[in-house]
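Biologist: I should like to learn how features of a model are read. Please take each general idea in turn, and then the case at hand.

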Amino acid sequence: VGCNKRLHQMLSTMAAERGGKAYTTDDRYCIDNGAMIAYTGLLMFRHGHVTPLKEATCTQRFRTDDVHVNWRAGDDLSPQPPPPQPVWAPQRPEN
């Protein structure tokens, strides 16, 4: 995906339409999409984005400009505390 020239063009167009500029990296660094997806998920989680598994879907033609990105407000990328209840583990019953 990161090596996709058409995607680079589309990102540049979307950024320009919003008064910004898109930067892409050298193709030799665009090999691990899993790590990029996981890091984006971590940023979303740390800023309160939680999707219950029952509501999780996969949209093949999802537009990247439809994603709500609240962690860029003020460019504060410092880690935020996670929500009180982790989404990856069920609440333990009280004995």
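Biologist: What span does helix 2 reach from its first C-alpha to its last?

Modeller: Helices (H or I, at least four residues) and strands (E, at least two) are DSSP runs, numbered from the N terminus. The expected span of a helix is 1.5 Å times one less than its number of residues. Helix 2, with 14 residues, reaches 20 Å, close to the 20 Å expected at 1.5 Å a residue. Just after helix 2, Gly-48 takes a positive phi of about 90°. In total the chain has 2 helices and 0 strands.

This is a predicted model, in which local features need pLDDT of at least 70 and side-chain atom pairs count only at pLDDT 80 or more, while totals for chains, interfaces and linings use all residues. Residues are numbered from 1 along each chain as its sequence is written, and side-chain values use heavy atoms, with hydrogens and water left out.

Biologist: How is empty space found, and what is the volume of the largest pocket?

Modeller: Rolling a probe the size of a water molecule over the atoms shows where empty space is left. On a 1 Å grid over the protein atoms alone, a pocket is an open set of points where a 1.4 Å probe fits, with protein on both sides within 12 Å along at least five of seven lines; lining residues have an atom within 4 Å of a point. Grid points are joined across faces, edges and corners, and the volume is the space filled by probe spheres set on them. Here the largest pocket has a volume of about 1,900 Å³. Its lining has 38 residues, of which Leu-7, Leu-11, Thr-40, Thr-64 and Val-67 are the closest to the centre. Helix 2 gives the most to this lining, with 7 residues.

Biologist: Is His-8 buried or exposed?

Modeller: Buried means under 20% relative accessible area, exposed over 50%, and partly exposed in between (1.4 Å probe, protein chains only). His-8, which lies in helix 1, has a relative accessible area of 13% and is therefore buried. Thr-24, in the loop between helix 1 and helix 2, counts as partly exposed at 45%.

Biologist: Which residues does His-8 touch?

Modeller: Contact means heavy atoms within 4.5 Å. Not counting residues up to four places away in sequence, His-8 touches Gly-2, Cys-3 and Thr-24. Thr-24 and His-8 are 16 residues apart in sequence, and their C-alpha atoms are 7.0 Å apart in space.
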